Amino acid sequence: HVHMEEARNLPALDRPWQDSSMVGTSDPYVRITLTGITGKPMEKRTKVLRGTQHPIWNENFIFHFDWKHTGPVLANQTQPELKLEVWDRDLLRSDDFSGRVHSVLLGEMIEEYKSMYVTTP
């Protein structure tokens, strides 16, 4: 479960077309990627919030996977990782990268989660 709350002071990546002296804004969204659990990345994405450098998403995301199929992946010593990337949505060109945060999920966290939610016969 990932809760995406907010971001603050994002760069203004959208510049006004007519007047370069005007302050720009941003149309941010977050790509949330979980890797190292199932063998292939699992991705979610927040909604785009238009015209803000201080977005408040307040969105929840749940990554569904079956722990029975994670054993071989975790046995290969992969480090489960959560990556958050902030992007600025552009309509006429490719989206602009704004920033990134990585968090390695510690083995103790994984084992605790498994012990709470995985039942063995």
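Surface first: I looked up the exposed area, and the protein shows about 8,400 Å², with carbon and sulfur atoms supplying 53% of it. Accessible areas come from the Shrake-Rupley method with a 1.4 Å probe, and for residues only the protein chains shown count as cover.

Note to self on the source: this is a predicted model, where local features need pLDDT of at least 70, side-chain atom pairs count only at pLDDT 80 or more, and totals for chains, interfaces and linings use all residues. Residues are numbered from 1 along each chain as its sequence is written, and side-chain values use heavy atoms, with hydrogens and water left out.

Next I checked burial. I get 35% of the 121 residues as buried (under 20% relative accessible area, 1.4 Å probe, protein chains only).

Then contacts (heavy atoms within 4.5 Å). Taking those between residues at least 6 apart in sequence, I find that 60% join residues at least 24 apart.

On to secondary structure. I have two helices and six strands, running β-β-β-β-α-β-β-α along the sequence. Helices (H or I, at least four residues) and strands (E, at least two) are DSSP runs, numbered from the N terminus.

Now the sheet. I traced an open one of four strands, order 3-2-5-6, with antiparallel pairing. Strand 3 (42-45) and strand 6 (96-104) are its edges, each pairing on one side only. The twist averages 15° from one strand to the next (axes are lines fitted to C-alpha atoms; angles run from 0 to 180 degrees between N-to-C directions). Pairing needs at least two DSSP bridges between two strands.

Last look: strand 2 (residues 28-35) and strand 5 (residues 81-88) pair antiparallel over eight bridges. I found Thr35 opposite Glu81 in strand 5.

Technical notes. Buried means under 20% relative accessible area, exposed over 50%, partly exposed in between (1.4 Å probe, protein chains only).
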